[in-house]
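Trainee: Could we go through this structure together? I would like to hear the reasoning behind each label.

Mentor: Gladly; let us bring it up and begin.

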Amino acid sequence: MTVEYLADRREFIPTVARWHHTEWGHLRPGETVEDRAVRVERDCGHREIPTTFVAVAGYQCLGSASLVACDMDIRPTLTPWLSGVFVAPEHRRRGVGAALVERVVQEARALGKPRLYLYTPGSGALYLRLGWCVAERTFYRELWGEQEITIMEFAIHAP
């Protein structure tokens, strides 16, 4: 398995767009898979923010993760963010998510960022295992109302 810039593996943009639409489409009512594909393509940079990475084995895309400037409108001063971590169900619990998270951390480090943030509706157990800390628990808007989420942070140390 390798983790690569989505910009270098554009053939996976439709796959990533489908995954993200299925997983988080409820957050953008009215957005189609095609709309999502346009956004995914726009945000797949190289050594910049935003950028997206994909985990690849042979000709198969296993998962994706992004580095974005801001992922929560209620915390606009926190930047940058790990966002959109997704691993295809059949590839979970095999280290793919951890590899994607580590690649985003490396990218943030290379860009000189001292911290990285994320939010998750779950406990964040994966991220805790990877050295992330809980910054706060709060409520965030969802289509169906407020949902409790965990905001986490990661202190990036120089290599």
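Trainee: How do you know whether leucine 82 counts as buried or exposed?

Mentor: Keep in mind that this is a predicted model. Leucine 82 has 4% relative accessibility, and buried means under 20%, so leucine 82 counts as buried. The residue lies in strand β4. Glutamate 31 is 51 residues from leucine 82 in sequence, and their C-alpha atoms are 22 Å apart in space.

Trainee: What makes arginine 115 buried, exposed or partly exposed?

Mentor: Its relative accessible area is 34%. Buried would need a value under 20% and exposed one over 50%, so arginine 115 is partly exposed. Arginine 115 lies in strand β5, which covers residues 115–120. From its C-alpha to that of glycine 30 the separation is 33 Å, with the two positions 85 residues apart along the chain.

Trainee: On to the cysteines. Why is cysteine 44 not bonded to cysteine 61?

Mentor: A disulfide is a covalent bond between the sulfur atoms of two cysteines. The cut-off for the sulfur pair is 2.5 Å, and the sulfur of cysteine 44 is 12 Å from that of cysteine 61, its closest cysteine sulfur, so they are too far apart for a bond. Cysteine 61 is likewise in no disulfide, with the sulfur of cysteine 44 as the nearest one. The count comes to zero disulfides.

Trainee: Which label, buried or exposed, do these cysteines get?

Mentor: Cysteine 44 has a relative accessible area of 6%, which is under the 20% limit, so cysteine 44 is buried. Cysteine 61, at 7%, is buried by that limit too.

Trainee: How many aromatic pairs does the structure hold?

Mentor: There are six aromatic pairs.

Trainee: Why is the pair of tyrosine 127 and tryptophan 132 called edge-to-face?

Mentor: The ring centres are 6.1 Å apart, which falls within the 6.5 Å limit for a pair. The planes stand at 70°, over the 60 degrees needed, so the pair is edge-to-face. Tyrosine 127 counts as buried at 13% relative accessibility, and tryptophan 132 is buried with a relative accessible area of 2%.

Trainee: What makes the pair of tryptophan 132 and phenylalanine 154 tilted?

Mentor: Here the centres are 5.4 Å apart and the planes are at 40°. Stacked needs an angle under 30 degrees and edge-to-face one over 60, so this pair is tilted. Tryptophan 132 lies in the loop between α4 and β6, and phenylalanine 154 in strand β7, so the pair ties together parts that are 22 residues apart in sequence. Phenylalanine 154 is buried, as is tryptophan 132. Elsewhere, ring pairs link Trp81, Tyr117 and Tyr119 into a cluster.

Trainee: How do you know that arginine 92 sits over the ring of phenylalanine 86?

Mentor: The charged end of arginine 92 is 5.2 Å from the ring centre, and the distance limit is 6 Å. Arginine 103 lies over the face of tyrosine 5 in turn, at 5.3 Å from the ring centre.

Trainee: Which strand gives the most to the lining of the largest pocket?

Mentor: Strand β4 does, with six residues. The pocket has a volume of about 1500 Å³. Its lining is made up of 50 residues, and the closest to the centre are Trp24, Ser83, Gly84, Val85 and Phe86. The lining divides into 24 nonpolar, 13 polar and 13 charged residues.

Terms used:
Residues are numbered from 1 along each chain as its sequence is written. This is a predicted model: local features need pLDDT of at least 70, side-chain atom pairs count only at pLDDT 80 or more; totals for chains, interfaces and linings use all residues. Side-chain values use heavy atoms; hydrogens and water are left out. Buried means under 20% relative accessible area, exposed over 50%, partly exposed in between (1.4 Å probe, protein chains only). Helices (H or I, at least four residues) and strands (E, at least two) are DSSP runs, numbered from the N terminus. A charge sits over a ring if NZ of Lys or CZ of Arg is within 6 Å of the ring centre and within 35 degrees of the ring normal. On a 1 Å grid over the protein atoms alone, a cavity is a set of points where a 1.4 Å probe fits but cannot get out, and a pocket is an open set with protein on both sides within 12 Å along at least five of seven lines; lining residues have an atom within 4 Å of a point. Grid points are joined across faces, edges and corners, and a volume is the space filled by probe spheres set on the points. Ala, Val, Leu, Ile, Met, Phe, Trp, Tyr, Cys and Pro count as nonpolar, Asp, Glu, Lys and Arg as charged, and the others, Gly among them, as polar.
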